[in-house]
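The following exercises concern the packing of helices and strands. Each task is followed by a solution in steps.

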Amino acid sequence: MKAEIGPIRQASRQIVRELHLLDGNLCIEGFTFSECHLLTELESLGQASATELGELLVLEKSTMSRLVKGLLRQEYIAATPDPADARRRLLSLTGKGRKGLVKIHQHSNCQVDEALDFVTAPERKRVVEGLERYAKSLRYARLNLEYRIRPSRPKDNPAMARIIRQVMTEYGAVGHGFSINDAEVDAMHEAYPAPGFALFVVERRGKVLGCGGMGPLKDADPGVCELRKMYFTPEMRGCGLGTRLLNVILDAARTAAYSLCYLETLESMSHARELYLKHGFKPIDHAMGNTGHSSCNRFMTLAL
């Protein structure tokens, strides 16, 4: 068990108590905590459907429906037909809602400001960064409950080929010198035989939404492996799944006794490069081995 778990849980409980979140009867300027959250997020969005707000607030449909009905009845929010879909209603703040939100912000800002009086100026940046990182990680953990990473199977081939072609086309990585043209694309599972190779897929409710693997780097030292074909559909991005899958692949490379992992990517794939850098990959100024991907323009390695 990670040593940080106990202290983080204790600090989280203390935050909940100090914010009086355990007191179900407590309101801020006459608004319940749920109403405060809905109004605040709706202000940021401008307009949103009840479904979109429910997903953002992580609330069940029935709970969200009661919340919206109450705010509509009190005229804090208004509902109008979506111009693009008459069956869909868009919610927005009314003038009364904006006035109420001013009071909510004043109360909450004062609460945070008073707490920061007990934090030194150099510490404040670390507090903000830590809270933001932890909040994001909690979201990732919740979303990842729906996803499973497993070794590939022959029946996954069509889905993997579709994902690879979709993502490569999205980034303009088509034509000579790109991996979209590799012979293995239509038979990925068979192209990664153990030992020395590993290929994984990410699935949600039985649907394959991403893939990635590793294998020996051709024409290179036997201790060097190549990170290969790690791609996701758009709906998977921003959920922390890149980190999960990359860790699984790198663990497989270590188990296979590789000492160095090499990858090639593109300048345009900035989010992917950020992920690799975060995991310790270092840019190098030249290609290694013989991948056959002459159109790639960024190269990185990681000591395993």
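Contact here means heavy atoms within 4.5 Å. The model is predicted.

**Exercise 1.** Determine which residues of H2 and H5 meet, and classify the orientation of the two helices.

*Solution.*
Step 1. On the side of H2, the residues in contact are Cys36, Leu39, Thr40 and Glu43. Their counterparts in H5 are Leu101, Ile104 and His105.
Step 2. By character, the residues of this contact comprise four nonpolar, two polar and one charged.
Step 3. H2 spans residues 33-45 and H5 spans residues 95-116; the angle between them is about 105 degrees, and their axes lie 10 Å apart.
Step 4. Angles of 65 to 115 degrees count as roughly perpendicular. H2 and H5 are therefore roughly perpendicular to each other.

**Exercise 2.** Classify the orientation of H8 and H9, state the handedness of their crossing, and describe their contact.

*Solution.*
Step 1. H8 (residues 241-255) packs against H9 (residues 270-278) at an angle of about 55 degrees, with the axes 11 Å apart.
Step 2. An angle of this value falls in none of the parallel, antiparallel or perpendicular classes, so H8 and H9 are oblique to each other.
Step 3. The crossing of H8 past H9 is right-handed.
Step 4. H8 contributes Gly242, Thr243 and Leu246 to the contact, while H9 contributes Leu275, Tyr276 and Lys278.
Step 5. These residues divide into three nonpolar, two polar and one charged.

**Exercise 3.** Describe the seven-stranded sheet and identify the strands at its edges.

*Solution.*
Step 1. The sheet is open, its pairing is mixed, and its strand order is S3-S4-S5-S6-S7-S9-S8.
Step 2. The edges are occupied by S3 (147-151) and S8 (282-284); each has a single partner strand, so one side of each is left without a neighbour in the sheet.
Step 3. On average, neighbouring strands are turned by 25 degrees against each other, direction ignored.
Step 4. At one edge, S8 pairs with S9 (residues 298-303) in the antiparallel sense over three bridges. Ile284 stands opposite Phe299 in S9.

**Exercise 4.** State which strands H8 and H9 lie across, and give the angle of each helix to one strand.

*Solution.*
Step 1. H8 lies across S3, S4 (198-204), S5 (207-216), S6 (224-232), S7 (260-265) and S9. The angle of H8 to S6 is about 155 degrees.
Step 2. H9 lies across S6, S7, S8 and S9, and runs at about 20 degrees to S9.
Step 3. Comparison of the two lists shows that S6, S7 and S9 are crossed by both H8 and H9.

Terms used:
Residues are numbered from 1 along each chain as its sequence is written. This is a predicted model: local features need pLDDT of at least 70, side-chain atom pairs count only at pLDDT 80 or more; totals for chains, interfaces and linings use all residues. Side-chain values use heavy atoms; hydrogens and water are left out. Axes are lines fitted to C-alpha atoms, for helices over the stretch in contact, and angles run from 0 to 180 degrees between N-to-C directions. Helices (H or I, at least four residues) and strands (E, at least two) are DSSP runs, numbered from the N terminus. Angles under 35 degrees count as roughly parallel, over 145 as roughly antiparallel, 65 to 115 as roughly perpendicular and the rest as oblique. A crossing is left-handed if the near helix is turned anticlockwise from the far one by less than a right angle, and right-handed if clockwise. Ala, Val, Leu, Ile, Met, Phe, Trp, Tyr, Cys and Pro count as nonpolar, Asp, Glu, Lys and Arg as charged, and the others, Gly among them, as polar. Two strands pair if DSSP finds at least two bridges between them.
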